[in-house]
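Here are some notes for reading this structure, set out as numbered points. Please keep the model open while going through them.

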Amino acid sequence: MDDTARRIAALEARLALLEDEREIARLIASYGPLIDSAEAEAVAALWEPDGVYDVDELLMTGRTEIAAMVGSERHGQWVSGGCAHVVGPPRVTVTGDEAVAVCHSLMVVHDASGFTVRRATANHWRLRRSQDGWQVTYRTNRVLDGRQESPRLLASGFGSGT
């Protein structure tokens, strides 16, 4: 392979990586608007069919359980009262057809006194490329309340955590 061909191949590889990172970032960014719109099936479709969503107080396995959470009466109360799931920009690491992303998220709720941050969480996303594009295999959220597990989730996106 000559120098020009090597340079083109390197550029193509870099472009493919950037496209993967962008697709993953867009998937993660879509979570907040979809869940705040109570789009249960669309939220669940972010995950693989047997994907896991592990939140402090709730473990959901599979799209049916994730959609049920979004469609639940409690979630409906958050939406009708005014809430925003704000997901920070993810730090994405792609390795072949798998990826890890870490970021922060806030759940902001509206009440009589205005807007309040209900929870701030560390997020760890595991994703896999499928024939339909990237999907979540496992998402773990932990409240940033001083427990050691939460910052470890964030650090794990840099190869220094577990």
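Notes on the aromatic residues and the pocket

1. Tyr31 and Trp125 are both buried. The model is a predicted one, and these two residues are a good place to start reading.

2. Aromatic pairs number five in this model. In one of them, the ring centres of Tyr31 and Trp125 are 6.4 Å apart and the ring planes stand at 80 degrees, so this pair counts as edge-to-face; the cut-off for that class is over 60 degrees.

3. The Tyr31 and Trp125 pair joins distant parts of the chain, with the two positions 94 residues apart in numbering. Tyr31 belongs to helix H1 (residues 3-36), while Trp125 belongs to strand E6 (residues 114-130).

4. Tyr31 and Trp125 are also part of a cluster: ring pairs connect them with Trp47 and Tyr53.

5. Which residue lies over the face of Tyr31? Arg139 does, at 4.3 Å from the ring centre.

6. Turning to the pockets, the largest one has a volume of about 420 Å³. It is lined by 21 residues, and those closest to its centre are Val55, Glu57, Met69, His85 and Met107.

7. Several elements each give two or more residues to the lining of the largest pocket. Among them are H1 and E6, the elements that hold Tyr31 and Trp125. Strand E1 (47-55), strand E2 (58-61), helix H4 (73-81), strand E5 (98-111) and strand E7 (133-143) contribute in this way too.

8. How many residues of each class line the largest pocket? The lining has 10 nonpolar, six polar and five charged residues.

Terms used. Residues are numbered from 1 along each chain as its sequence is written. This is a predicted model: local features need pLDDT of at least 70, side-chain atom pairs count only at pLDDT 80 or more; totals for chains, interfaces and linings use all residues. Side-chain values use heavy atoms; hydrogens and water are left out. Rings of Phe, Tyr and Trp (its six-membered ring) pair if their centres lie within 6.5 Å; planes under 30 degrees apart count as stacked, over 60 as edge-to-face and the rest as tilted. Helices (H or I, at least four residues) and strands (E, at least two) are DSSP runs, numbered from the N terminus. Buried means under 20% relative accessible area, exposed over 50%, partly exposed in between (1.4 Å probe, protein chains only). A charge sits over a ring if NZ of Lys or CZ of Arg is within 6 Å of the ring centre and within 35 degrees of the ring normal. On a 1 Å grid over the protein atoms alone, a cavity is a set of points where a 1.4 Å probe fits but cannot get out, and a pocket is an open set with protein on both sides within 12 Å along at least five of seven lines; lining residues have an atom within 4 Å of a point. Grid points are joined across faces, edges and corners, and a volume is the space filled by probe spheres set on the points. Ala, Val, Leu, Ile, Met, Phe, Trp, Tyr, Cys and Pro count as nonpolar, Asp, Glu, Lys and Arg as charged, and the others, Gly among them, as polar.
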